[in-house]
Amino acid sequence: MSYTIGLVGKPSVGKSTFFNAATMNDVPEGAYPFTTIDPSIGEAYVRVECAAPEFDHTCTPNHGYCAEGVRFVPTKLVDVAGLVPGAHEGKGLGNQFLTDLNEADVLIHVVDFTGRTDLEGEPTTGHDPRDDIDFLEAELDMWYLDIMKKGIERYRSGYAGEEKQIEADLAEQMSAFGISEDELKQVILALGLDLDPGTWDDDDREALAREIRIRTKPMVIGANKADAEAARENYAKITDDPDYEHLRFVPVSAHAEKALKKGDEAGVLDYRPGDAEFEILGELPEEKRAGLDQIGDFLGEFGETGVQRAIETALFEELGAIAVFPGARKPQNDGSFLQDCFVFPGGSTAEEFAYYLHTDIGEGFLHAHDVRSGRQIGADTELSHRDVIEITTTN
């Protein structure tokens with residue numbers, strides 16, 4: 001599992017329900033602040049159309065599973081605890097929250113789109129979900145700004161006459177965010193700023209911190225409880241608001257996904273995660289059937305519960321990741337075909353894929369083959385989503 005998705009949100013918005021629905025773990029759920037104290041870690045999945053049927057084979061996954069031609073590839077999901085206003089100042093579980101958050105490559109911010117919980121996670125009515133989105137972004141921006149200011153001070157405290165570059169000091173100070181000197185220089189220039197922090201005012205520094213945060217901590221908004229009318233109304237208004245064009249939104253009903261998965265596990269439903277429909281396999285009490293009818297109406301309107309879509313949007317759209325199958329042009333008849341499917345950075349080359357599989361394979365890389373076409377490809381050939389690649393190595 002090469003990527004980590006951080007699940008964030010204020011208390012009592014259904015974040016733990018989302019986590020449980022995605023991972024089928026059993027972390028505590030409740031309508032009160034700090035149901036979750038320590039981060040919970042689980043295995044979620046992204047869907048990839050399996051390549052095995054194209055070769056008249058059946059895959060035997062080492063990790064995850066395959067269901068009716070869809071490969072469910074594992075990814076790491078972390079339910080990060082402690083988000084409240086003032087987290088960057090240490091309020092709530094502030095420092096621990098930010099430390100845990102920084103382990104994530106991409107964030108899913110679960111928001112109660114019904115507007116029935118306030119910023120502290122307490123029951124209310126008429127709360128604007130925009131406030132939730134804004135306060136998380138503000139918390140992250142202030143966190144980045146505090147760290148960036150230390151990089152500016154590092155630059156200013158250099159020896160007189162020493163040739164220095166602000167992007168070098170900022171990159172060193174902000175190394176935990178995975179941004180390079182070149183990327184920092186690009187961001188500074190893209191905002192129309194000089195490479196001299198002495199010319200920056202407060203607004204410039206805040207704008208720079210925000211842009212660095214957007215680039216290094218991409219975010220998807222999980223518009224939870226979207227099966228409620230109030231949530232759908234808020235969803236329509238907010239996704240039409242130009243102030244939020246930089247964010248991707250996914251309508252979600254975490255409780256619906258969890259109910260369907262539990263029904264499938266119990267054998268009373270036939271449901272594949274992320275599907276737009278399910279089948280009832282037996283007799284159910286009228287109350288439960290009525291609840292399933294409501295879930296069916298939601299699926300009919302939105303196409304799925306949104307839990308799978310949010311996870312896949314985070315990896316494949318926000319991060320631009322791709323899934324690649326290590327394969328063989330002449331597969332053995334031992335059931336070992338396409339045992340693995342790896343999700344790794346888009347734009348990667350065949351040689352980088354070899355190193356991703358194992359350092360020894362990369363160091364001994366000779367060439368690769370596109371298994372579908374049989375064509376030999378070179379080290380610098382950029383791979384595509386769902387490629388099936390055979391590596392030839394001296395090791």
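1. Helix α5 spans residues 181-190 in this predicted model. Its buried residues are L184, V187 and I188. Why do they fall on the same side of α5? Around the axis they cover an arc of only 100 degrees, which places them on the same side of the helix. The general rule is that an α-helix has 3.6 residues a turn, so residues three or four places apart point the same way.

2. Now the opposite face of α5. The exposed residues D182 and A190 sit on the face turned away from the buried side. The cover over the buried residues includes two helices, α4 (166-173) and α6 (202-216). After α5 comes G192. The phi of G192 is positive, near 75 degrees.

3. L208 belongs to one of the covering helices, α6. Is L208 buried or exposed? L208 is buried: its relative accessible area is 0%. Leaving aside residues up to four places away in sequence, L208 touches M148, L170, V187, I188, L191, L193 and W200. Among these partners, V187 and I188 are buried residues of α5. M148 is 60 residues from L208 in sequence. In space, the C-alpha atoms of L208 and M148 are 9.0 Å apart.

4. M148 also takes part in the contact between α3 and α4. Helix α3 covers residues 129-156. The axes of α3 and α4 come within 8 Å and cross at roughly 135 degrees. The two helices are therefore oblique to each other. The cut-off matters here: an angle must be over 145 degrees to count as roughly antiparallel. The crossing of α3 and α4 is right-handed.

5. Which residues make the contact of α3 with α4? From α3 come I147, M148, K150, G151, I152, R154 and Y155. From α4 come I166, D169, L170, E172 and Q173. By type, the contact residues divide into 6 nonpolar, 2 polar and 4 charged. L170 of α4 is also one of the residues that L208 touches.

6. A second helix pair is α8 (residues 254-265) and α9 (residues 286-302). They pack at an angle of about 120 degrees, with their axes 11 Å apart. That angle makes α8 oblique to α9. The crossing of α8 past α9 is left-handed. The contact is made by A256, A259 and L260 of α8 and by L292, I295 and L299 of α9. How do the residues of this contact divide? There are 6 nonpolar, no polar and no charged residues.

7. Turn to the strands. T4 lies in strand β1, residues 4-8. At 11% relative accessibility, T4 counts as buried, since the limit for that class is under 20%. T4 touches K76, V78, E103, A104, D105 and V106, with residues up to four places away in sequence not counted.

8. K76, one of the residues T4 touches, is found in strand β4, residues 70-79. What is the relative accessible area of K76? The value is 28%, and K76 is partly exposed. K76 and L145 are 69 residues apart along the chain. Their C-alpha atoms are separated by 28 Å. L145 falls within the residue range of α3, 129-156.

Methods: Residues are numbered from 1 along each chain as its sequence is written. This is a predicted model: local features need pLDDT of at least 70, side-chain atom pairs count only at pLDDT 80 or more; totals for chains, interfaces and linings use all residues. Side-chain values use heavy atoms; hydrogens and water are left out. Buried means under 20% relative accessible area, exposed over 50%, partly exposed in between (1.4 Å probe, protein chains only). Helices (H or I, at least four residues) and strands (E, at least two) are DSSP runs, numbered from the N terminus. The arc is that of the directions from the helix axis to the C-beta atoms. Contact means heavy atoms within 4.5 Å. Axes are lines fitted to C-alpha atoms, for helices over the stretch in contact, and angles run from 0 to 180 degrees between N-to-C directions. Angles under 35 degrees count as roughly parallel, over 145 as roughly antiparallel, 65 to 115 as roughly perpendicular and the rest as oblique. A crossing is left-handed if the near helix is turned anticlockwise from the far one by less than a right angle, and right-handed if clockwise. Ala, Val, Leu, Ile, Met, Phe, Trp, Tyr, Cys and Pro count as nonpolar, Asp, Glu, Lys and Arg as charged, and the others, Gly among them, as polar.
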